[in-house]
Amino acid sequence: MNTKTDKYHINVRGIPVEVIRKDIKNFYIGVHPPNGHVRVSAPLHFDEDAIRMAIITRLAWIRRKQAEFAKQERQPHREFVTGESHYFEGRRYRLDVFEQDCPPKVWLPNNTKIALSVRPGSDRAKREAVIHRWYRQHLRAEVPPLLEKWEPKLGVSVNEVRIKRMKTLWGSCNIRAKRIWLNLELAKKSNSCLVYVLVHEMVHLLERDHNDRFRELMDRFLPQWRTYRDTLNRAPLAHEDWAY
Ligand SMILES: [Zn+2]
(Lines give C-alpha, C1' and ligand atoms only; values in the text may rest on other atoms or scores of the structure.)
Protein backbone atom coordinates (compact mmCIF):
# COMPACT_ATOMS: atom_id res chain seq x y z
CA MET A 1 0.00 0.00 0.00
CA ASN A 2 1.21 3.45 -0.86
CA THR A 3 1.42 5.40 2.37
CA LYS A 4 3.08 8.47 0.92
CA THR A 5 1.52 11.61 2.36
CA ASP A 6 2.32 15.02 1.05
CA LYS A 7 1.40 18.18 2.94
CA TYR A 8 1.72 21.77 1.72
CA HIS A 9 -0.09 25.09 1.58
CA ILE A 10 -1.63 26.93 -1.34
CA ASN A 11 -3.59 30.12 -1.69
CA VAL A 12 -6.89 30.03 -3.53
CA ARG A 13 -8.45 33.43 -4.25
CA GLY A 14 -7.00 34.85 -1.04
CA ILE A 15 -7.85 31.87 1.14
CA PRO A 16 -4.92 29.88 2.57
CA VAL A 17 -5.52 26.16 2.19
CA GLU A 18 -3.63 23.27 3.70
CA VAL A 19 -3.41 20.42 1.20
CA ILE A 20 -2.78 16.86 2.21
CA ARG A 21 -2.30 14.42 -0.64
CA LYS A 22 -2.58 10.81 0.24
CA ASP A 23 -3.73 7.45 -0.93
CA ILE A 24 -7.49 7.95 -0.61
CA LYS A 25 -10.40 7.58 -2.99
CA ASN A 26 -12.27 10.82 -2.52
CA PHE A 27 -11.56 14.50 -2.17
CA TYR A 28 -12.39 15.94 1.26
CA ILE A 29 -12.58 19.52 2.32
CA GLY A 30 -13.02 20.86 5.83
CA VAL A 31 -13.31 24.26 7.44
CA HIS A 32 -12.11 23.94 11.01
CA PRO A 33 -12.78 25.80 14.20
CA PRO A 34 -11.79 28.05 15.81
CA ASN A 35 -10.44 30.23 12.99
CA GLY A 36 -11.97 28.69 9.87
CA HIS A 37 -8.75 26.99 8.79
CA VAL A 38 -9.29 25.20 5.46
CA ARG A 39 -7.83 21.77 4.99
CA VAL A 40 -8.30 19.46 2.01
CA SER A 41 -7.36 15.85 1.57
CA ALA A 42 -6.83 14.94 -2.05
CA PRO A 43 -6.23 11.58 -3.72
CA LEU A 44 -2.76 11.16 -5.21
CA HIS A 45 -4.10 11.21 -8.77
CA PHE A 46 -5.47 14.76 -8.31
CA ASP A 47 -3.08 17.26 -9.83
CA GLU A 48 -2.69 20.87 -8.73
CA ASP A 49 -5.34 22.15 -11.16
CA ALA A 50 -7.86 19.55 -10.10
CA ILE A 51 -7.30 20.48 -6.45
CA ARG A 52 -7.72 24.20 -7.16
CA MET A 53 -10.90 23.57 -9.17
CA ALA A 54 -12.35 21.42 -6.40
CA ILE A 55 -11.71 24.22 -3.92
CA ILE A 56 -13.04 26.97 -6.18
CA THR A 57 -16.34 25.17 -6.71
CA ARG A 58 -16.75 25.18 -2.91
CA LEU A 59 -15.63 28.76 -2.26
CA ALA A 60 -19.08 30.06 -1.33
CA TRP A 61 -19.49 27.28 1.21
CA ILE A 62 -15.98 27.90 2.62
CA ARG A 63 -16.66 31.62 3.03
CA ARG A 64 -19.98 30.91 4.71
CA LYS A 65 -18.37 28.50 7.20
CA GLN A 66 -15.57 30.98 7.93
CA ALA A 67 -18.11 33.74 8.54
CA GLU A 68 -19.92 31.47 11.01
CA PHE A 69 -16.71 30.83 12.96
CA ALA A 70 -15.81 34.52 12.93
CA LYS A 71 -19.19 35.31 14.45
CA GLN A 72 -18.83 32.63 17.13
CA GLU A 73 -15.34 33.90 17.95
CA ARG A 74 -16.68 37.13 19.29
CA GLN A 75 -17.39 36.09 22.81
CA PRO A 76 -18.80 39.18 24.46
CA HIS A 77 -16.46 40.92 26.82
CA ARG A 78 -17.85 40.78 30.32
CA GLU A 79 -17.48 43.31 33.10
CA PHE A 80 -18.95 41.14 35.88
CA VAL A 81 -21.54 43.72 36.82
CA THR A 82 -25.20 43.39 37.78
CA GLY A 83 -27.48 42.59 34.88
CA GLU A 84 -24.95 40.74 32.73
CA SER A 85 -25.64 37.25 31.43
CA HIS A 86 -23.37 34.52 32.71
CA TYR A 87 -23.52 30.80 32.11
CA PHE A 88 -23.44 27.92 34.53
CA GLU A 89 -24.12 24.23 33.84
CA GLY A 90 -25.50 25.01 30.41
CA ARG A 91 -27.96 27.66 31.58
CA ARG A 92 -27.97 31.39 31.34
CA TYR A 93 -28.18 33.40 34.54
CA ARG A 94 -28.37 37.08 35.36
CA LEU A 95 -25.53 38.31 37.54
CA ASP A 96 -26.32 40.24 40.73
CA VAL A 97 -23.31 41.90 42.34
CA PHE A 98 -23.28 42.91 46.01
CA GLU A 99 -20.54 44.83 47.77
CA GLN A 100 -20.13 43.66 51.35
CA ASP A 101 -17.22 43.82 53.74
CA CYS A 102 -16.87 40.07 54.13
CA PRO A 103 -15.07 37.28 52.26
CA PRO A 104 -16.19 37.11 48.62
CA LYS A 105 -18.62 34.40 47.64
CA VAL A 106 -20.91 33.23 44.88
CA TRP A 107 -24.25 31.49 45.22
CA LEU A 108 -27.43 30.73 43.31
CA PRO A 109 -30.37 32.46 45.05
CA ASN A 110 -32.79 30.97 42.51
CA ASN A 111 -32.69 29.42 39.06
CA THR A 112 -32.32 32.69 37.19
CA LYS A 113 -29.63 34.51 39.14
CA ILE A 114 -25.99 34.14 40.09
CA ALA A 115 -25.23 36.25 43.15
CA LEU A 116 -21.71 37.57 43.60
CA SER A 117 -20.62 39.22 46.83
CA VAL A 118 -17.30 41.09 46.78
CA ARG A 119 -15.61 43.61 49.03
CA PRO A 120 -16.38 47.26 48.24
CA GLY A 121 -14.26 48.64 45.41
CA SER A 122 -13.35 45.23 43.93
CA ASP A 123 -12.34 45.73 40.32
CA ARG A 124 -13.31 43.69 37.29
CA ALA A 125 -10.31 41.36 37.62
CA LYS A 126 -11.21 40.60 41.22
CA ARG A 127 -14.87 39.96 40.42
CA GLU A 128 -13.88 37.68 37.57
CA ALA A 129 -11.41 35.81 39.80
CA VAL A 130 -14.14 35.11 42.37
CA ILE A 131 -16.47 33.75 39.69
CA HIS A 132 -13.68 31.62 38.23
CA ARG A 133 -12.85 30.19 41.64
CA TRP A 134 -16.49 29.25 42.02
CA TYR A 135 -16.46 27.56 38.57
CA ARG A 136 -13.33 25.67 39.56
CA GLN A 137 -14.84 24.49 42.85
CA HIS A 138 -17.90 23.32 40.94
CA LEU A 139 -15.84 21.25 38.49
CA ARG A 140 -13.68 19.86 41.30
CA ALA A 141 -16.82 18.55 42.96
CA GLU A 142 -18.27 17.15 39.73
CA VAL A 143 -15.25 15.16 38.58
CA PRO A 144 -14.68 12.53 41.34
CA PRO A 145 -18.12 10.86 41.06
CA LEU A 146 -17.75 10.85 37.27
CA LEU A 147 -14.36 9.13 37.52
CA GLU A 148 -15.83 6.61 39.93
CA LYS A 149 -18.54 5.82 37.41
CA TRP A 150 -16.44 5.79 34.21
CA GLU A 151 -13.14 4.25 35.30
CA PRO A 152 -14.58 0.75 35.79
CA LYS A 153 -16.72 1.06 32.63
CA LEU A 154 -13.69 1.85 30.50
CA GLY A 155 -11.28 -0.25 32.50
CA VAL A 156 -8.81 2.59 32.91
CA SER A 157 -7.51 4.53 35.85
CA VAL A 158 -6.83 8.23 35.85
CA ASN A 159 -4.08 9.49 38.13
CA GLU A 160 -5.13 13.08 38.20
CA VAL A 161 -7.60 15.55 36.77
CA ARG A 162 -6.56 19.18 36.69
CA ILE A 163 -8.53 22.20 35.69
CA LYS A 164 -7.23 25.24 33.88
CA ARG A 165 -8.32 27.89 31.44
CA MET A 166 -7.41 26.93 27.89
CA LYS A 167 -7.90 28.93 24.74
CA THR A 168 -8.22 26.16 22.20
CA LEU A 169 -9.02 22.91 23.98
CA TRP A 170 -11.87 21.61 26.05
CA GLY A 171 -9.65 18.95 27.46
CA SER A 172 -6.40 17.13 26.97
CA CYS A 173 -4.78 13.95 28.15
CA ASN A 174 -1.22 13.12 29.07
CA ILE A 175 -1.43 9.41 28.34
CA ARG A 176 1.80 8.38 30.04
CA ALA A 177 1.10 10.31 33.24
CA LYS A 178 -2.62 9.38 33.01
CA ARG A 179 -3.35 13.00 33.73
CA ILE A 180 -6.36 14.79 32.26
CA TRP A 181 -6.74 18.53 31.91
CA LEU A 182 -10.20 20.03 31.72
CA ASN A 183 -11.00 23.52 30.59
CA LEU A 184 -12.48 25.72 33.31
CA GLU A 185 -15.01 26.89 30.71
CA LEU A 186 -16.74 23.52 31.01
CA ALA A 187 -18.37 24.82 34.19
CA LYS A 188 -20.51 26.94 31.88
CA LYS A 189 -21.64 23.93 29.87
CA SER A 190 -24.22 21.27 30.62
CA ASN A 191 -23.15 18.29 32.65
CA SER A 192 -23.40 16.08 29.54
CA CYS A 193 -20.72 18.21 27.86
CA LEU A 194 -18.45 17.68 30.84
CA VAL A 195 -19.12 13.94 30.69
CA TYR A 196 -18.35 13.92 26.98
CA VAL A 197 -15.01 15.71 27.34
CA LEU A 198 -13.96 13.59 30.31
CA VAL A 199 -14.91 10.31 28.61
CA HIS A 200 -13.21 11.45 25.38
CA GLU A 201 -9.98 12.08 27.27
CA MET A 202 -10.31 8.81 29.19
CA VAL A 203 -10.77 6.91 25.91
CA HIS A 204 -7.37 8.31 24.90
CA LEU A 205 -5.94 6.04 27.62
CA LEU A 206 -7.17 3.17 25.44
CA GLU A 207 -6.50 4.71 22.04
CA ARG A 208 -4.14 7.59 21.42
CA ASP A 209 -5.46 8.65 18.00
CA HIS A 210 -8.79 9.83 16.68
CA ASN A 211 -9.17 6.80 14.46
CA ASP A 212 -11.89 4.25 13.80
CA ARG A 213 -11.09 2.39 16.98
CA PHE A 214 -11.40 5.60 18.97
CA ARG A 215 -14.83 6.27 17.47
CA GLU A 216 -15.90 2.67 18.09
CA LEU A 217 -14.93 3.00 21.74
CA MET A 218 -16.84 6.27 22.02
CA ASP A 219 -19.87 4.65 20.35
CA ARG A 220 -19.73 1.81 22.82
CA PHE A 221 -19.29 3.87 25.98
CA LEU A 222 -21.19 7.05 25.12
CA PRO A 223 -23.47 6.43 22.12
CA GLN A 224 -24.77 10.02 22.16
CA TRP A 225 -21.29 11.56 21.99
CA ARG A 226 -21.86 13.20 18.61
CA THR A 227 -24.71 15.29 19.98
CA TYR A 228 -22.52 16.55 22.83
CA ARG A 229 -19.65 17.22 20.45
CA ASP A 230 -21.92 19.32 18.23
CA THR A 231 -23.11 21.32 21.24
CA LEU A 232 -19.51 22.08 22.14
CA ASN A 233 -18.56 22.93 18.56
CA ARG A 234 -21.29 25.54 18.44
CA ALA A 235 -19.67 27.29 21.38
CA PRO A 236 -17.01 29.96 20.81
CA LEU A 237 -14.29 27.75 22.12
CA ALA A 238 -13.69 24.91 19.77
CA HIS A 239 -10.77 22.98 18.49
CA GLU A 240 -10.19 20.55 15.70
CA ASP A 241 -9.68 17.94 18.39
CA TRP A 242 -13.45 18.00 18.66
CA ALA A 243 -14.05 17.27 15.00
CA TYR A 244 -14.14 13.63 16.02
ZN1 LIG B 1 -8.96 13.78 21.60
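How many bridges join β1 to strand β2, and do the two run parallel or antiparallel? Seven bridges hold the pairing, and the strands run antiparallel. Keep in mind that this is a predicted model.

## The β1–β2 hairpin

β1 covers residues 6–12 and β2 covers residues 15–22. Together they make a hairpin with two residues between the strands. One turn residue to look at is Arg-13, which has a positive phi of about 50 degrees. Across the pairing, Tyr-8 sits opposite Val-19 in β2.

As for cover, β1 doesn't get much: of its seven residues, the number that count as buried is zero.

## Helix α3

Now for α3, residues 124–154. With 31 residues at 1.5 Å a residue, the helix should span 45 Å, and its end C-alpha atoms are 42 Å apart, so the two values agree. Still, there's a bend of about 30 degrees at Leu-147. Right after the helix comes Gly-155, with a positive phi near 70 degrees.

Which residues of α3 are buried? They are Arg-127, Val-130, Ile-131 and Tyr-135. An α-helix has 3.6 residues a turn, so residues three or four places apart point the same way. The buried residues of α3 pack against three strands: β6 (91–99), β7 (105–107) and β8 (113–118).

## Domains

Zooming out, the domain assignment splits the protein chain into domain 1 (6–73), domain 2 (85–134) and domain 3 (136–243). Between the C-alpha centres of domain 1 and domain 3 there are 28 Å.

Notes. Residues numbered from 1 in each chain as written. Predicted model: local features only at pLDDT ≥ 70, side-chain atom pairs only at ≥ 80, totals over all residues. Domains from an automatic or database assignment. Buried ≥ 20, exposed ≤ 12 C-beta atoms within 10 Å, placed from the backbone. Helix = DSSP H or I, 4+ residues; strand = E, 2+ residues; numbered from the N terminus. Pairing = 2+ DSSP bridges. Expected span 1.5 Å × (residues − 1). Bend = angle between axes of the 7 residues up to and from the residue. Contact = placed C-beta atoms within 7 Å.
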